[in-house]
There are 2 protein chains.
Amino acid sequence: MGQVEAAIGFARENKTRFVDELKALLRIPSVSTLPEHVDDVRQAAVFCATELKRIGMENVRLIETSEEERMIAASEGPAVLVPGRIGHPLVYAEWLGAAPAADGTPKPTVLCYGHYDVQPPDPLDEWKTPPFEPTERDGNLYARGAVDDKGQMWMHVKALESLFSVGGGELPVNVRVILEGEEEVGGEGIANYLREHGAALKADVALVSDTEMFAPELPTLCVGLRGMIYTEIEARGARTDLHSGMYGGAAPNPFVALAQVIAKLKDEDGKILIPGFYDKVQKPTADELKAWAALPFDEEHYRETEVGSVELTGEPGYSVMERTWARPTLDVHGMPGGFTGAGAKTVIPAKALAKVSLRLVPDMTPAESFAQYEAFVESLCPKGIELEVRLIHAGDPIVVSTDNVYVKAATDAMREVFGKETVFVRGGGSIPVVGDFVRNLKVPTVLMGFGLPDDNLHAPNEKFHLANFHRGIESIVRFLGGLS
Amino acid sequence: MGQVEAAIGFARENKTRFVDELKALLRIPSVSTLPEHVDDVRQAAVFCATELKRIGMENVRLIETSEEERMIAASEGPAVLVPGRIGHPLVYAEWLGAAPAADGTPKPTVLCYGHYDVQPPDPLDEWKTPPFEPTERDGNLYARGAVDDKGQMWMHVKALESLFSVGGGELPVNVRVILEGEEEVGGEGIANYLREHGAALKADVALVSDTEMFAPELPTLCVGLRGMIYTEIEARGARTDLHSGMYGGAAPNPFVALAQVIAKLKDEDGKILIPGFYDKVQKPTADELKAWAALPFDEEHYRETEVGSVELTGEPGYSVMERTWARPTLDVHGMPGGFTGAGAKTVIPAKALAKVSLRLVPDMTPAESFAQYEAFVESLCPKGIELEVRLIHAGDPIVVSTDNVYVKAATDAMREVFGKETVFVRGGGSIPVVGDFVRNLKVPTVLMGFGLPDDNLHAPNEKFHLANFHRGIESIVRFLGGLS
């Protein structure tokens, strides 16, 4: 029995332990965007590093990305100072001892990427069990980060452990692991590191498991991701909060102003009205559109089970796949300011904020898109109001190549595990590091994810289907073995 | 020396103690809209009742307005259930022993009204000194409630004390005192009480000190108040919070929906677009407009010192006085929901709220105005969204009569204290109880207020100019004496 089959046996024997370890990691509330969790984020990094060392990886270390006050910059766009923000560390590990093939050909080096930070858990009262007390129900593991991305990152670690354990402390290929703790806040730390120290991560292919399968039982590779710009619009009116009885009719209202601006940013069908915003949008190829149309997708079922709204929205004339994968979009995430308690307070707030993000598609760039957006927002400034537009973070849209041996190895591995051919899809979300891999390492990225569409990413009751956790480990074992 | 002159002497001798007592009352955070302050609100009621008893008032008691779960209803409009809300008590006191005049004519009965509840203090970080630690600076007393209305209510109590003290425990007229603890949340408790037990407050005139002077040194009577409806619009889209990467372009966004609705409620000049909304609006009389035009008012100075915005807003063709006193307006006070922390969270929230109020002027009614508003908002419902419109509280607009002996007594009293003729203005805010007095007691109300335009009502750094606190006491002493 070869190393791959033995490693799969090992993984099956240790299923319970693997899940228990994952639960321990999920108990650490490593919410990267909230300053009060900075120590938790570091604790999660240490947890991962400790385990990587234990299983046999070498040169394991934390790489600091911190400065007392640092700039969070768009990859090419303007920079914004976030006072007091502390960067979260990278975790690095390597094992580069794979023996060359009989003909002397060196084994490839695979760069395994994951992130150990998570989204905030709010709204807390909508969780059936607490977000940081991992709970199994109906074959699923519920916790913030279960699938995004601690659970999927842990598949990599456990696949490596399985191969090490049955291979006399050796892997079939060379492996580097890089984990980040800022994926949910834009990934600026790893972007800087890749820009300055890309050579230290020299590899032949990157493996990222931070995406989902198109449907249960359907092995999926993601070959494109939207980019994004995440912004804040601050509207300022009066110098201080005023009483709406005394000043209503004379003082500008920042919330009304923001509403007027937002209502002009996209029309009621979802078309974004920023001049020039669609100029660089590339239509998917005819082949890609044909493949998408052939995917098992029932729009009414999607509306009912995944979204749950009375109707779907978005640009007419485009399918849901096109609208969520290949068209730019604009969303408002929150509007802090003023009075948000129960009951009534008749305040005209001095200022109000809108947290607005725009998803970008190839060949848009964050820098140009932000410049268009900022100029348009400023042109809409209502009477009596001062607007300030800030870029919080940004990521490039990407399309990855499918025409290489790594994609073939991935589809072979998943065919073995799932008994089905792999489908190629895109993702609507942004994984900023994939663009950084393309730009700085110039290597193909295999986006092999095992989440499910109803896993509640970024929402209450996030979960990971445990069968997919285990199939993910087996797929990665076979993928690494297949590259040998 | 008569009782009035002696009482003024007493008040002057006791200035420091009067302010110290007020400070003690201001230290009680009696925020009526926040459930966590329910005990503080009651403590403030007890504080006032104890003092009223001490100075010589009789039959002093708390009147409960509480039910375990109660309805907060518009005076005539639809009702809304607020689960678990606890009504705050009224404080009642009386002294009805005034001897008739030599010719046997009974002395009039004056109903003194005030409120001991306050607005929430947020945003806390904008207070120079803490809102519930009263602090004197530059002749002003800074605290939440300093002028609205604890300080002005305390003027009544101290005027009564001064008259009692020098009058052998007698007042020159009959007096009832009614204080409420729900003025800042709509005043439903006192409204119910007046409707059901109005006879218990039988009086000839009501005296309310909860308004401001038009300018420093300028004695002012308020003869009109706007009404209001305070509402919430809840927009619901997806069943749960969704990731804007995965669902942006297909899932409805409740904040965008609210922005679209709000942007259609009034135009960019401030004209409200609700069909029929202006139908019942009465234009002020030519005399009133002429008097307003003669008031000492510099619009640029007002913009600069009171509002502090780059421009004023509001309907073209109307003066600031007309816009804030005699025209309906619409304001948004807060938009709770979604992600409001620092940093980035890419959520499409399942729901979002807008807290929206509309000021009403004679002869609009809350019931009809809310019905028009609700129907219009519902007609604007964006695709994929479900809207719910809720009425939180309501108050009638009123105009009070100036043609009676009570107004003459008030202007005489203030001429004596300030050395100037009184100006007649309106107020933009709502004092719901004034409408209740008109409807249920059928007595005229004298709105004799001593706040200043820069007193920061409902805002950080609320203050009361202490000279006006003392002049207010003297004016009320003279007013009561003048009615004898």
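Strands, as I use the word today, are DSSP runs of E covering at least two residues, and helices are runs of H or I covering at least four, both numbered from the N terminus. With that settled, Asn456(A) can be placed in the loop between β19 (445-448) and β20 (463-465) of chain A. Please keep in mind throughout that this is a predicted model.

Let me stay with Asn456(A) for a moment. Its phi is near 60°, a positive value in a residue other than glycine. Is this residue buried, exposed or partly exposed? Asn456(A) has a relative accessible area of 24%, and because the partly exposed class begins where buried ends, at 20%, Asn456(A) is partly exposed.

A second case in chain A is Glu217(A), which is likewise not a glycine and has a positive phi of about 75°. Glu217(A) sits in the loop that runs between β9 (205-208) and β10 (220-225) of chain A. With a relative accessibility of 38%, Glu217(A) also counts as partly exposed.

I turn now to the cis peptide bonds. In chain A, such a bond joins Pro362(A) and Asp363(A), with omega at about 5°. Asp363(A) belongs to the loop between β15 (351-360) and α11 (366-379) of chain A. In chain B, a cis peptide bond links Asp148(B) to Asp149(B), and there omega is about 0°. Asp149(B) is located in the loop between β7 (140-142) and α4 (150-166) of chain B.

That brings us to helix packing. In chain A, helix α3 (residues 38-55) and helix α4 (residues 150-166) pack at an angle of about 15°, and their axes are 9 Å apart. Since angles under 35 degrees count as roughly parallel, α3(A) is roughly parallel to α4(A). The crossing of these two helices, α3(A) and α4(A), is left-handed. From α3(A), the contact draws on Phe47(A), Cys48(A), Glu51(A), Leu52(A), Arg54(A) and Ile55(A). Among the residues that α4(A) contributes are Met153(A), Trp154(A), Val157(A) and Phe164(A). What is the character of the residues in this contact of α3(A) with α4(A)? They divide into 9 nonpolar and 4 charged, with no polar residues.

In chain B, I would draw your attention to another pair. The axes of helix α1 (residues 3-13) of chain B and of α4(B) come within 8 Å and cross at roughly 115°. Here the crossing of α1(B) and α4(B) is right-handed. On the side of α1(B), the contact residues include Ala6(B), Ala7(B) and Phe10(B), while those of α4(B) include Glu161(B), Leu163(B) and Val166(B). The contact of α1(B) with α4(B) comprises 7 nonpolar, 3 polar and 1 charged residues.

One side chain in chain B also deserves a remark. Lys23(B) is part of helix α2 (residues 15-26) of chain B. At a relative accessible area of 14%, Lys23(B) is buried. Leaving aside residues up to four places away in sequence, Lys23(B) touches Pro134(B), Glu136(B) and Leu141(B).

Finally, the relation between the copies. A turn of 180° and a shift of 0.0 Å along the axis lay chain B on chain A with an RMSD of 0.0 Å. The two copies are therefore related as by a two-fold rotation axis. Which C-alpha of chain B is nearest the axis? That of Ala259(B), which is 2.0 Å from the axis. As for the interface, 100% of the interface residues of chain B are also interface residues in chain A, so the copies meet through the same surface.

Methods: Residues are numbered from 1 along each chain as its sequence is written. Chains are lettered from A and ligands numbered from 1 in the order in which they are written. This is a predicted model: local features need pLDDT of at least 70, side-chain atom pairs count only at pLDDT 80 or more; totals for chains, interfaces and linings use all residues. Side-chain values use heavy atoms; hydrogens and water are left out. Axes are lines fitted to C-alpha atoms, for helices over the stretch in contact, and angles run from 0 to 180 degrees between N-to-C directions. Angles under 35 degrees count as roughly parallel, over 145 as roughly antiparallel, 65 to 115 as roughly perpendicular and the rest as oblique. A crossing is left-handed if the near helix is turned anticlockwise from the far one by less than a right angle, and right-handed if clockwise. Contact means heavy atoms within 4.5 Å. Ala, Val, Leu, Ile, Met, Phe, Trp, Tyr, Cys and Pro count as nonpolar, Asp, Glu, Lys and Arg as charged, and the others, Gly among them, as polar. Copies are superposed by least squares on the C-alpha atoms of residues with pLDDT of at least 70 in both. Buried means under 20% relative accessible area, exposed over 50%, partly exposed in between (1.4 Å probe, protein chains only).
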